[in-house]
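Subject: Structure handover

Hello,

The structure is below, with notes on what was found in it underneath. Please file them together.

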Amino acid sequence: MDKLASLRAFVKVVESGSFAEAGRQMRLSRSAISKYVGDLEESLGVQLLNRTTRHASPTENGQMYFERAVVILSDVDAADQAVTQLQSAPRGLLRVNAPMSFGTMRLGPALADFMTKYPDLQIQLVLSDDLLDPVQDGFDVTLRIAELESSSLIARKIVPVPRLVCASPDYVKRHGTPLHPQDLRDHISLTYGFLLTGNQWKLTGSDGVHWIQPAWSLCVNNAEVLRDVAIRGKGIALIPEFIAAEALKNGSLQAVLANYSAPPLTLYAVYPPTRHLAVKVRLFIDFLVDRFGSAERAAIA
């Protein structure tokens with residue numbers, strides 16, 4: 001028995017209400033449709049349809065089976081469609097939302113290469129540090145560097161984003177170098193206070209885990225601002241490594257508390273749940289994973 005063909009015939013009979021109409025729609029004879037359904041009933045040992053000369057309707061068992069069969073056939077069709085679409089170039093509009101700092105510092109070159117690879121796509125990029133709603137605001141995919149709360153959205157991890165405790169040489173000269181997380185209580189901090197942990201810093205070393213809530217003079221939702229204010233000697237900041245990298249290299253910032261580490265944030269691709277994920281979205285997310293590395297990478301390159 002061709003189980004898939006039998007399922008299609010059974011579903012079409014239920015939807016159309018008759019064997020004859022199902023045959024016309026599937027371009028098969030009435031007897032062929034009847035045989036498919038009969039074989040299905042025989043294999044299950046259950047009567048699925050009530051039959052009259054002109055009409056067919058599902059039994060109680062048949063209705064339950066019909067509902068499951070529709071889902072199965074939909075999944076099969078979706079799989080066929082996905083494979084077929086992957087053989088052709090994606091087209092249309094791809095709407096992307098990303099954090100401001102990551103967008104300006106890392107995403108541009110990646111987008112240019114993605115556009116070269118898929119020239120028939122139009123990409124609309126919106127940079128924002130606000131937590132926009134991908135569904136309500138109509139984005140195909142949203143990139144977030146965050147600690148994600150549980151939600152109905154689907155999130156794919158792209159790469160960890162390490163963070164460093166940094167200060168300018170001038171600040172350290174004037175206020176001293178903290179040697180232990182507890183020392184931060186005597187320093188001025190510059191914080192990114194829009195994480196699940198709020199203004200608390202979690203630092204881990206050989207002597208265990210320390211939760212510190214230092215006094216702060218600036219709380220902002222953009223890490224580039226934190227970096228620039230820290231460079232001017234206004235406090236100690238906990239900053240993503242990729243944002244502090246150039247300042248660390250040229251000496252305008254230095255790492256402090258090097259024996260302690262903060263838990264990394266993560267770059268996620270977030271998108272609404274859907275039975276048929278658009279090929280353009282899948283290709284874009286796969287591209288970002290390949291571009292920025294696996295979960296084992298130490299930093300965004």
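Ser128 has a relative accessibility of 14%, so Ser128 counts as buried (under 20% relative accessible area, with over 50% exposed and partly exposed in between; 1.4 Å probe, protein chains only). This is a predicted model, in which local features need pLDDT of at least 70 and side-chain atom pairs count only at pLDDT 80 or more, while totals for chains, interfaces and linings use all residues. Numbering runs from 1 along each chain as its sequence is written, and side-chain values use heavy atoms, with hydrogens and water left out.

Ser128 sits in the loop between β4 (121–127) and β5 (141–146); strands are DSSP runs of E, at least two residues, and helices are runs of H or I, at least four, numbered from the N terminus. Apart from neighbours within four places in sequence, Ser128 is in contact with Asn97, Ala98, Pro99 and Met100, contact being heavy atoms within 4.5 Å.

For the protein chain, the count is nine helices and 14 strands. Of its 301 residues, 41% are buried. Taking contacts between residues at least 6 apart in sequence, 75% join residues at least 24 apart.

Helix α1 covers residues 3–16; its 14 residues should span 20 Å at 1.5 Å a residue, and the end C-alpha atoms are 20 Å apart, which agrees. The expected span is 1.5 Å times one less than the number of residues. Buried residues of α1 include Leu7, Phe10 and Val14. Just after α1, Gly17 has a positive phi of about 90°.

Regards
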